[in-house]
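User: Hi! Could you walk me through one of the helices in this model?
Analyst: Happy to, here it is.

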Amino acid sequence: GRGAEAIAEHRQAVRLAPGDPLARTNLGVQLANQGEIAAARQELARALALDPFEGEARAALDALAGWP
């Protein structure tokens, strides 16, 4: 489905620019949208490690705090 395609596209963006916090944020958000919560948290945490001021990553990670 489209979700799997989007994840593949975002994974490719991360492969091309592993140090780009926005690429990792986008992948994390897409993973969360597909229910892959653990993987989403991991990518969002990596984005914040690269840029502690990445607001979208922080907001997404905070939103996932209550998820299993």
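**Helix α3 and its neighbours**

User: Which residues of α3 are exposed?
Analyst: Ala 38 and Ala 49 are exposed, on the other side of α3 from its buried residues. Exposed means over 50% relative accessible area, buried under 20%, and partly exposed in between (1.4 Å probe, protein chains only). This is a predicted model, where local features need pLDDT of at least 70, side-chain atom pairs count only at pLDDT 80 or more, and totals for chains, interfaces and linings use all residues. Residues are numbered from 1 along each chain as its sequence is written, and side-chain values use heavy atoms, leaving out hydrogens and water.

User: And which ones are buried in α3?
Analyst: Ile 37, Ala 40, Glu 43, Leu 44, Ala 47 and Leu 48. They cover an arc of only 140° around the axis (taken from the directions from the helix axis to the C-beta atoms), so they sit on the same side of α3.

User: What covers them?
Analyst: The cover includes α2 (21-33) and α4 (55-63). Helices here are DSSP runs (H or I, at least four residues), numbered from the N terminus.

User: Back to Glu 43: what is its relative accessible area?
Analyst: It is 7%, so Glu 43 is buried. Glu 43 touches Arg 24, Leu 27, Gly 28 and Leu 31, not counting residues up to four places away in sequence; contact means heavy atoms within 4.5 Å.

Key
Helix = DSSP H or I, 4+ residues; strand = E, 2+ residues; numbered from the N terminus.
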